[in-house]
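Okay, thanks for squeezing me in, everyone. I'll put the structure up and then talk through a few spots in it.

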Amino acid sequence: MRAAAKVNLHLGVGAAREDGFHPLTTVYQAVGLCDDVTAHPADDLTLTLTTTDWIDAGAVPVDGDNLVHRAAVLLGRHHGRELTGRVEVEKAIPVAGGLAGGSADGAAALVALDRLHDLRTTDDALLAIAAELGSDVPFALVGGTALGTGRGELVEPVSDVGTWWWVIVPSRQGLSTPEVYRHFDRLRPDAPETPPGADVLLGALRTGQPVSLARALHNDLQEPAVDLRPELGLLIDRGESEGALRGIVSGSGPTVVFLCESADHARDLAGALMRTGQEVVLVANGAVAGAHLVPSHV
């Protein structure tokens, strides 16, 4: 199964609820930066990991803390059985980068193990299990462009007529999502209970115009992320000075994404950023599909 990274085109955050979660209004977009998750028959459940050379494999747990393992447990519990399999993850999505790579792997593992064991789990059941795994996992199943509410787990596809091109700049050093939310609480003690709505962003998507979308991008977690890691703000300024339509922190960071007018514009910007000394610069388009079977692996 192929699992796509996500960017948050809009991320509105409300004040923390009694359960500790923050209510969100977000617009997700799946982009063409992907992990591959392959499940093989086996007598027990194991996970192996390979990564690109700029990802720290040691930062990814391969035990029960990994969402792949938790996906197997929850899917098995739904069917009243223990699931086995040798699951291989080929990782290209940054770890702790604000791109939901772990969530994407969990979603792909759900579908891979469902097919491996011929469980024929309904879509509604898979989405419910995904919501138990994490706020971003249901979107990783759905893909495309979607509105997320609740804590992000309630997902509804939205109209998106554009093809969007992104330059993605990850960081070797991750950033803790809980710490970014805690810092949001410190910086915004007066945050409203209801998060900012996404109507402007949704309207921009319907135009199909990159300039309109650039103006509408919004992330309430960008301020705390940049306050914790000031170099992210400098990177955004650099990318915009090199011609990006807009730069924004992806989710809770530290990955920064830049919206471009076209594929050629994205490649030009990537080259310009690399010439400034940026070590890893990626180009991806959106929106792409959620977790899906890779034909060459059939």
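Let's start at T255. If you leave out residues up to four places away in sequence, T255 touches P94, G97, L99, I168, V169, P170, I248, V249 and S250. Before anyone asks, this is a predicted model.

So where is T255 along the chain? T255 is in the loop between β9, residues 246-249, and β10, residues 256-260. And is it buried or exposed? Its relative accessibility is 0%, so T255 counts as buried. There's a polar partner in there as well: a polar atom of the T255 side chain lies 2.7 Å from the backbone oxygen of G97. G97 was also among the contacts I just read out.

Now S252, which is found in that loop between β9 and β10 too. S252 counts as buried because its relative accessibility is 7%, and the cut-off is under 20%. Its side chain makes a polar contact of 2.8 Å with the side chain of T177. Setting aside neighbours within four places in sequence, S252 is in contact with G98, L175, T177, V180, L221 and A225.

That pair takes us to the largest pocket. Which residues lie nearest its centre? They're A100, S103, D136, T177 and S252, out of 46 lining residues. For the docking people, the space in that pocket is about 1100 Å³. The elements giving two or more residues to the lining are β1 (2-13), β2, β3, α1 (67-79), β4, α2 (101-116) and α5 (177-187). Of these, α2 gives the most, with four residues. As for chemistry, the lining divides into 22 nonpolar residues, 17 polar and seven charged.

Last stop, β4, since it's on that lining list. How does β4 sit against the strands it pairs with? With β2, residues 24-40, the pairing is antiparallel over five bridges. One of the partners there is easy to find on screen: H40 bridges to R86 in β4. With β3, residues 45-51, β4 runs parallel, and seven bridges join the two. On that side, look for T48 opposite E88.

And the side chains along β4, residues 85-91, alternate. G85, V87, V89 and K91 point to one face and are buried, while R86, E88 and E90 point to the other face and aren't. Notice that K91 is on the buried face along with the two valines.

That's what I had, so over to you.

Methods:
Residues numbered from 1 in each chain as written. Predicted model: local features only at pLDDT ≥ 70, side-chain atom pairs only at ≥ 80, totals over all residues. Heavy atoms only, no water. Buried < 20%, exposed > 50% of the residue type's maximum accessible area, 1.4 Å probe, protein only. Pairing = 2+ DSSP bridges. Polar contact = N/O pair within 3.5 Å; in protein donor to acceptor, adjacent residues only side chain to side chain. Contact = heavy atoms within 4.5 Å. 1 Å grid on protein atoms, 1.4 Å probe; cavity = no way out; pocket = protein on both sides within 12 Å on 5 of 7 lines; lining within 4 Å. Points joined across faces, edges and corners; volume = space filled by probe spheres on them. Nonpolar A, V, L, I, M, F, W, Y, C, P; charged D, E, K, R; others polar.
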